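Ready for a few hands-on exercises? Have a look at the model first, then work through each task before you read its solution.

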Amino acid sequence: CKDRNVISGKDYTRAGGVTYYSGITLGRLGVETVVLGSCGPDFDLWPRNCPTSLVRLDAEGTIQFTNEYHSPDCNERTQRATGPDNSLTVESVDSVWPEGVELTILGPLLHDNIPLELVRHLAGRTELALAAQGVFRYLENNRIVWRCPEAVLALLPFCRYLALDERELMFISGRRVLAEGAAFLLDNGATNLLVTRGSRGSLLFIDGGEFTIPAFPPQSLIDP
């Protein structure tokens with residue numbers, strides 16, 4: 001997708017989305033990585049000289065998010081989006097599927113991007129990790145609203161890993177306490193769970209164990 005960030009009145013537009021950030025990171029860590037990205041003919045923001053290759057899945061347009069930051073707190077923002085049809089199908093993905101894939105990270109941006117039929121199909125070919133935020137994200141007049149948390153639960157039997165932030169966890173589980181929300185998801189099909197908490201780090205629930213990962217402040221800020 002395109003991410004348009006407005007910070008202190010300055011406007012920055014760049015590539016974004018879960019598959020972009022995770023794909024670039026894995027590639028720079030030396031992991032052989034391919035990103036299958038649904039985008040329109042207007043998308044020209046993929047970085048040059050990047051170790052991660054982009055395989056384009058043609059769509060009528062590119063989803064764009066506009067994030068306006070009104071204070072130094074990066075967790076406080078106003079977000080809007082435009083969402084042309086970027087739905088994937090079994091046929092479109094199979095036509096470009098690379099050989100030897102061991103793990104696939106699913107990063108839908110909106111609720112209709114990756115249907116259950118496709119998730120079920122991919123689960124027969126590779127292990128799946130789901131970044132859940134787009135599964136319950138809808139647009140109303142370009143504003144983002146959250147609906148249908150049960151849609152995430154329907155995908156859990158097919159995914160080995162589930163990643164989401166603390167607010168998303170509360171929404172999907174209907175719980176107000178993080179530990180209770182995590183227990184709900186683990187009881188309803190999640191196998192391994194990652195919960196990000198911004199500057200407070202992350203929690204991992206892996207193979208029955210719970211691990212706390214602290215957040216480390218960066219030594220320098222660099223656009224990847």
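Below are five exercises on this predicted model, each with a worked solution.

**Exercise 1. The second largest pocket**

Find out which residues lie nearest the centre of the second largest pocket, and which element gives the most to its lining.

Step 1: Start with the space itself. The second largest pocket holds about 1000 Å³.

Step 2: Look at the walls. There are 44 lining residues, and Thr19, Val34, Val35, Leu36 and Ile105 lie nearest the centre. The elements that give two or more residues to this lining are α1 (18-28), β3 (34-39), β7 (103-106) and α3 (116-123).

Step 3: Pick the top contributor. That's α1, with seven residues.

Step 4: Sort the lining by class. You get 27 nonpolar, 14 polar and three charged residues.

**Exercise 2. Around α1 and β8**

Work out which residues of α1 are buried and what they pack against.

Step 1: Go along the helix. Val18, Tyr20, Ser22, Gly23, Ile24 and Gly27 are the buried ones in α1.

Step 2: Check their partners. The buried residues of α1 pack against β2 (10-15), β3, β7 and β8 (127-131).

Step 3: Take a closer look at two of those partners. β7 and β8 pair in the parallel sense, over four bridges, and threonine 104 stands opposite leucine 128 in β8. As for cover, four of the five residues of β8 are buried.

Step 4: Now see what follows the helix. After α1 comes glycine 30, with a positive phi near 95°.

**Exercise 3. Hunting for disulfides**

Count the disulfides in the whole structure, then check cysteine 1 and cysteine 148.

Step 1: Recall what you're after. A disulfide is a covalent bond between the sulfur atoms of two cysteines. Here the cut-off is a pair of sulfur atoms within 2.5 Å.

Step 2: Search everywhere. The count is zero.

Step 3: Try cysteine 1. Its nearest cysteine sulfur belongs to cysteine 39, 10 Å away, and cysteine 1 is in no disulfide. Cysteine 1 is buried, at 15% relative accessible area.

Step 4: Try cysteine 148. The nearest cysteine sulfur, that of cysteine 159, is 18 Å away, and cysteine 148 is in no disulfide either. Cysteine 148 is partly exposed, with a relative accessible area of 32%.

**Exercise 4. Phenylalanine 184 and α5**

Place phenylalanine 184 and list its contacts, leaving aside neighbours within four places in sequence.

Step 1: Locate the residue. Phenylalanine 184 is in helix α6 (residues 178-187).

Step 2: List the contacts. With those neighbours set aside, phenylalanine 184 touches Leu153, Ile172, Ser173 and Arg175.

Step 3: Turn to helix α5 (residues 166-173), where six of eight residues are buried. They are Glu166, Glu168, Leu169, Met170, Ile172 and Ser173.

Step 4: See what surrounds them. The buried residues of α5 pack against β10 (143-146), α4 (150-155), β11 (161-165), α6 and β12 (192-196).

**Exercise 5. Two positive phi values**

For serine 8 and asparagine 49, decide: buried or exposed?

Step 1: Keep the usual pattern in mind. Most residues other than glycine have a negative phi.

Step 2: Take serine 8, in the loop between β1 (2-7) and β2. Its phi is positive, near 55°. Serine 8 counts as exposed because its relative accessibility is 70%, and the cut-off for exposed is over 50%.

Step 3: Take asparagine 49, in the loop between β3 and β4 (53-58). Its phi is also positive, about 55°. Asparagine 49 counts as exposed, at 81% relative accessibility.

Definitions and conventions: Residues are numbered from 1 along each chain as its sequence is written. This is a predicted model: local features need pLDDT of at least 70, side-chain atom pairs count only at pLDDT 80 or more; totals for chains, interfaces and linings use all residues. Side-chain values use heavy atoms; hydrogens and water are left out. On a 1 Å grid over the protein atoms alone, a cavity is a set of points where a 1.4 Å probe fits but cannot get out, and a pocket is an open set with protein on both sides within 12 Å along at least five of seven lines; lining residues have an atom within 4 Å of a point. Grid points are joined across faces, edges and corners, and a volume is the space filled by probe spheres set on the points. Ala, Val, Leu, Ile, Met, Phe, Trp, Tyr, Cys and Pro count as nonpolar, Asp, Glu, Lys and Arg as charged, and the others, Gly among them, as polar. Buried means under 20% relative accessible area, exposed over 50%, partly exposed in between (1.4 Å probe, protein chains only). Contact means heavy atoms within 4.5 Å. Two strands pair if DSSP finds at least two bridges between them.
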